[in-house]
Amino acid sequence: MFADAATRAAADTDRLTPARGRAARMGALGYGHPDAGAVSLTLILTAAGETLG
């Protein structure tokens with residue numbers, strides 16, 4: 001359940017222009033790429049969900 005929501009949310013971050021952190025220096029070049037933190041959280045939640053059942 002949480003992994004599905006995180007996957008959708010991470011995919012939606014590709015439409016955002018980074019404004020903070022390291023990616024902010026890229027400006028408009030970062031548009032079209034998903035947020036690395038959101039993708040990492042998705043992987044963690046997916047692995048936890050598969051492990052715990």
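**A buried threonine and its surroundings**

With a relative accessible area of 15%, T13 is buried, where buried means under 20% relative accessible area, exposed over 50% and partly exposed in between (1.4 Å probe, protein chains only). The structure is a predicted model, in which local features need pLDDT of at least 70 and side-chain atom pairs count only at pLDDT 80 or more, while totals for chains, interfaces and linings use all residues. Residues are numbered from 1 along each chain as its sequence is written, and side-chain values use heavy atoms, with hydrogens and water left out.

T13 is found in the loop between α1 and α2; helices (H or I, at least four residues) and strands (E, at least two) are DSSP runs, numbered from the N terminus. Once its neighbours within four places in sequence are set aside, T13 is in contact with H33, P34, D35 and A38, contact meaning heavy atoms within 4.5 Å. One of these partners, D35, appears again at the start of α2, where a side-chain oxygen of D35 reaches to within 3.3 Å of the backbone nitrogen of G37. Such a polar contact is a pair of N or O atoms within 3.5 Å; within protein, one must be able to donate a hydrogen and the other to accept it, and residues adjacent in sequence count only if both atoms are side-chain atoms.

On the scale of the whole chain, the secondary structure comes to two helices and zero strands. Buried residues make up 13% of the 53 residues in the protein. The radius of gyration is 13 Å, whereas a compact globule of 53 residues would have one near 10 Å; this quantity is taken over C-alpha atoms, and the globule rule is 2.2 Å times the number of residues to the power 0.38. Along the principal axes, the C-alpha atoms of the protein fill a box of roughly 40 × 15 × 10 Å.

Helix α1 comes next. In α1 (residues 2-12), the buried residues are A3, A6 and A10. Seen down the axis of α1, these buried residues fall within an arc of 60°, so they line one face of the helix; the arc is that of the directions from the helix axis to the C-beta atoms. What covers the buried residues of α1 includes α2.

A residue on the α2 side of this packing is T42, which lies in helix α2 (residues 36-52). T42 counts as buried, at 10% relative accessibility. Beyond its neighbours within four places in sequence, T42 is in contact with A3, A6, T7 and A10. Among these partners are A3, A6 and A10, the buried residues of α1. A polar link is present here too: the side chain of T42 reaches the backbone oxygen of A6 at 3.1 Å.

Helix α2 itself has 17 residues, and from its first C-alpha to its last it reaches 24 Å, close to the 24 Å expected at 1.5 Å a residue. The expected span is 1.5 Å times one less than the number of residues in the helix. Just after α2, G53 takes a positive phi of about 90°. Within the helix, T51 offers a contrast to T42: T51 lies in α2 and is exposed, with a relative accessible area of 67%, whereas T42 is buried. T51 and G21 are 30 residues apart in sequence, and their C-alpha atoms are 32 Å apart in space.

Charged side chains gather around the residues that flank T13. The count comes to two salt bridges, each a side-chain nitrogen of Lys or Arg within 4 Å of a carboxyl oxygen of Asp or Glu. R15 forms a salt bridge with D12, with the closest N and O atoms 2.6 Å apart, and the side chains of D14 and R15 meet in a salt bridge at 3.9 Å, N to O. Together, D12, D14 and R15 are linked in a network of salt bridges. R15 counts as exposed at 53% relative accessibility, while D12 is partly exposed at 42% and D14 is partly exposed at 26%.

Two further positions complete the picture. M1 sits in the segment before α1 and is exposed at 77% relative accessibility; the C-alpha atoms of M1 and D14, 13 residues apart along the chain, are separated by 22 Å. L29, in the loop between α1 and α2, is exposed at 63%. L29 and P18 are 11 residues apart in sequence and 9.0 Å apart in space, C-alpha to C-alpha.
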